[in-house]
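Colleague: Walk me through reading a helical model, please. Start with the ground rules.

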Amino acid sequence: MDAGLLLLRLAVGLLIAGHGVQKVSHLLGGDGLAGGTEEFRRDGFRGGRLTAVAAGGSQIGAGLSLSAGLLTPLAAMAAMGVMTVAGTVKWSKGLWVQHDGYEYPLVLVVVSASLALTGPGRWSVDHVVGVTPWPVWIAVVAIAVGPLSGLLTRAALHRSSATAEGVRHARPAD
């Protein structure tokens, strides 16, 4: 079981972290911070660079923490938050990823929630420092707060569709 949890944490955590790296740099095929900023503007979000840095930084931090099994419920909560926002961006395109739908962000939210509930396993920083098993109530709170924080972030930072359409056609400004 511990080997399976390690494999799951590494795969999901490093993919989430890598996605964040792409938002803020040219590494891993990313478009750099300017590209990440433009992606958020194109998707109708305000905040420019700050939004891209916050999202990318959250993905990097959450992904690396999940990979290491470090503060697992908190890492899962952050991962669920940013991936919930990603899911809302893709919601109108339907479920399936072949049509740019929200399937992949949903899988990452569910896996993160599962890791919050199961814990990271013995081969983790949490285990080494003696904070496992986490109480179930902490996992439940993380599972509720993660997606809720993503939805609140979306509500706070997303422009109306008319405003977002205008931004798509405007030249980006930093």
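Modeller: We go from the overall fold to two helices, then to the salt bridges. This is a predicted model: local features need pLDDT of at least 70, side-chain atom pairs count only at pLDDT 80 or more, and totals for chains, interfaces and linings use all residues. Residues are numbered from 1 along each chain as its sequence is written, and side-chain values use heavy atoms, with hydrogens and water left out.

Colleague: How many helices and strands are there in the chain?

Modeller: Helices (H or I, at least four residues) and strands (E, at least two) are DSSP runs, numbered from the N terminus. Here the chain has eight helices and zero strands. The pattern along the sequence is α-α-α-α-α-α-α-α.

Colleague: What radius of gyration would a compact globule with 174 residues have, and what does the chain have?

Modeller: The radius is taken over C-alpha atoms, and the globule rule is 2.2 Å times the number of residues to the power 0.38. For 174 residues that predicts a value near 16 Å; the chain has 17 Å, which agrees. Along its principal axes, the C-alpha trace spans about 50 × 30 × 30 Å.

Colleague: What share of the residues count as buried?

Modeller: Buried means under 20% relative accessible area, exposed over 50%, and partly exposed in between (1.4 Å probe, protein chains only). By that cut-off, 40% of the 174 residues are buried. Contacts (heavy atoms within 4.5 Å) add to the picture. Of those with a separation of 6 or more, 66% join residues 24 or more positions apart.

Colleague: How do I check a helix such as α1 for its span?

Modeller: Take 1.5 Å times one less than its number of residues. The 23 residues of α1 should span 33 Å, and its end C-alpha atoms are 33 Å apart, which agrees. α3 passes too: 21 residues, 30 Å expected, and 30 Å between the end C-alpha atoms. Glycine 69 follows α3, with a positive phi near 70°.

Colleague: Which helices do the buried residues of α1 pack against?

Modeller: First, the general idea. An α-helix has 3.6 residues a turn, so residues three or four places apart point the same way. Among the buried residues of α1 are Leu5, Arg9, Val12 and Ile16. The buried residues of α1 pack against α2 (32-42), α3 (48-68), α4 and α5. For α3, the buried set includes Ala52, Ala55, Gln59 and Ala62. Its partners are α1, α2, α4, α5 and α7 (136-157).

Colleague: And how many salt bridges does the structure hold?

Modeller: The test is a side-chain nitrogen of Lys or Arg within 4 Å of a carboxyl oxygen of Asp or Glu. The structure holds four. One of them joins arginine 122 and aspartate 2, at 3.1 Å from N to O. Arginine 122 lies in the loop between α5 (103-118) and α6 (125-129) and aspartate 2 in α1 (residues 2-24), so the pair ties together parts 120 residues apart in sequence.

Colleague: Is aspartate 2 buried or exposed?

Modeller: Aspartate 2 is buried, at 16% relative accessible area. Arginine 122 is partly exposed, at 47%.

Colleague: Which residues are linked in a network of salt bridges?

Modeller: Lys90, Lys93 and Asp100. Lysine 90 meets aspartate 100 at 2.6 Å, N to O. That pair links helix α4 (residues 72-90) to the loop between α4 and α5, ten residues apart. Lysine 93 also bridges to aspartate 100, with the closest N and O atoms 2.9 Å apart. Lysine 90 is partly exposed at 24%, aspartate 100 at 33% and lysine 93 at 43%.
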